[in-house]
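Got your viewer open and a selection box ready? Let's take a walk through this one, stop by stop.

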Amino acid sequence: MSDVVIIGTGPAGLTAAIYATRGGLKTTVFAGMQHGGQLTTTTEIENWPGVRDGIMGPQLMADMSAQAERIGAEIVYEEITKVDFSGKPLRLWAGDKEIHAKAVIISTGATARTLGLPSENTLMGRGLSTCATCDGFFYKNKRVAVVGGGDSAMEEANYLAKLCSEVILIHRRPVFRASNIMVERTKKNPRIKMMIPYDVVDTVADASGLTGAVLRHLDTGKTETLAVDGLFMAIGHRPNSSVFKDQLEMDENGYLKVHNFTETKVPGVFAAGDIADHVFRQAITAAGMGCQAGMQAIRYIEEHY
Ligand code: NAP
């Protein structure tokens with residue numbers, strides 16, 4: 001039996017682990033499929049405070065993980081596949097192995113949806129990206145494209161327009177899911193052009209990375225190559241919450257609902273980071289929520305055990 005089981009090893013889970021362990025809890029962290037979370041797929045991180053010259057995403061997560069272990073958290077390289085939060089203690093399973101905990105912190109994050117292009121594995125971080133805030137700076141004064149028609153795409157396009165010489169927003173329908181105010185702001189931005197109705201069917205690259213995107217006009221079927229240095233896929237995220245179905249409250253998109261900072265409806269179960277926040281989705285905000293969850297778990301155990 002652990003005092004607290006933390007599910008997920010992104011900034012939220014590892015920060016929760018650091019706080020819970022330093023607060024005296026026996027802490028077990030399940031690393032899941034992607035140890036380190038989404039930051040392990042990014043390149044340089046320049047907006048993590050205190051690291052003056054920036055740090056590579058995988059390095060930051062390796063440091064955070066080593067810090068949690070040095071303080072005394074146990075990291076288990078397994079995935080939680082089933083939970084039962086109906087009684088005390090809380091029960092979890094990693095395959096056949098059953099684990100008991102007084103408190104659980106869920107920080108399983110979200111996964112950016114991608115287009116499924118053949119080059120995604122090789123060009124991610126070399127022209128392809130799913131995060132303008134993370135990678136936009138590398139495309140300063142360059143021409144980039146953003147794919148999508150939701151609020152994320154509008155936000156990414158407007159963010160990139162402050163840095164890049166030109167932003168082309170590619171959307172597959174004349175109707176947008178994004179709010180009117182975001183669409184209007186995007187249309188008014190002189191640095192943003194829209195290409196509708198197009199989808200992206202392939203990429204063009206040289207040794208240094210992406211040089212263009214192959215677009216297909218959805219009415220005519222004609223394809224053309226758009227010369228761009230960056231292609232940002234902003235077609236939504238998928239919260240990694242399926243294992244908590246029927247156990248915890250979720251919104252219509254599958255994000256866990258929290259109240260009073262990181263509490264779920266089940267006493268002793270807390271949620272932190274992208275699994276419970278589709279708005280900010282930043283390492284620093286996830287870490288902040290992880291700190292809150294760690295401290296709330298300590299208080300919960302003090303009061304109930
Ligand atoms: P979203 O609203 O689900 O929009 C996804 C967009 O991607 C849609 O336009 C969709 O096109 C397009 N898309 C999906 N799959 C595609 C594919 N395979 N090829 C081409 N296009 C594809 O996702 P989101 O923009 O990430 O927003 C998610 C939620 O977060 C929303 O509730 C949003 O309001 C919220 N959000 C809010 C803010 C804010 O308030 N500042 C910022 C970001 C997000 P179709 O429309 O044709 O399906």
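**Stop one: the cores**

Keep in mind that you're looking at a predicted model. Start with the largest nonpolar core, which has 56 residues; select Phe 85, Leu 92, Val 104 and Ile 106, the ones with the most contacts inside it. Next, colour helix α7 (residues 283-304), since the largest share of this core, nine residues, comes from there.

Now zoom in on Val 104. Leaving aside residues up to four places away in sequence, Val 104 touches Val 4, Val 5, Ile 7, Phe 85, Leu 90, Leu 92, Gly 268, Val 269 and Phe 270. Apart from this core lies another one, of 20 residues; Val 144, Val 146, Cys 164 and Val 167 are among them.

**Stop two: a helix from the inside**

Select α5 (151-161). Which of its residues are buried? Show Ala 153, Met 154, Glu 156, Ala 157, Asn 158, Leu 160 and Ala 161 as sticks: those are the buried residues of α5. They pack against α4 (132-135), β11 (143-147), β12 (166-170), α6 (180-188), β13 (192-195) and β17 (230-233).

**Stop three: the second largest pocket**

Turn on a surface and look for the second largest pocket, with a volume of about 940 Å³. To centre the view, pick Gly 150, Arg 177, Ala 234, Ile 235 and Gly 236, the closest to the pocket's centre of the 30 residues that line it. Here α5 turns up again: α5, β14 (198-206) and β18 (237-239) are the elements that give two or more residues to the lining.

Colour the lining by class and you get twelve nonpolar, nine polar and nine charged residues. Then switch to colouring by domain: domain 1 (2-111 + 237-304) and domain 2 (114-233) each supply at least three lining residues.

Conventions
Residues are numbered from 1 along each chain as its sequence is written. This is a predicted model: local features need pLDDT of at least 70, side-chain atom pairs count only at pLDDT 80 or more; totals for chains, interfaces and linings use all residues. Side-chain values use heavy atoms; hydrogens and water are left out. On a 1 Å grid over the protein atoms alone, a cavity is a set of points where a 1.4 Å probe fits but cannot get out, and a pocket is an open set with protein on both sides within 12 Å along at least five of seven lines; lining residues have an atom within 4 Å of a point. Grid points are joined across faces, edges and corners, and a volume is the space filled by probe spheres set on the points. Helices (H or I, at least four residues) and strands (E, at least two) are DSSP runs, numbered from the N terminus. Ala, Val, Leu, Ile, Met, Phe, Trp, Tyr, Cys and Pro count as nonpolar, Asp, Glu, Lys and Arg as charged, and the others, Gly among them, as polar. Domain bounds come from an automatic or database domain assignment. Buried means under 20% relative accessible area, exposed over 50%, partly exposed in between (1.4 Å probe, protein chains only). Contact means heavy atoms within 4.5 Å. A nonpolar core is a set of buried Ala, Val, Leu, Ile, Met, Phe, Trp, Tyr and Cys residues joined through side-chain atoms within 4.5 Å.
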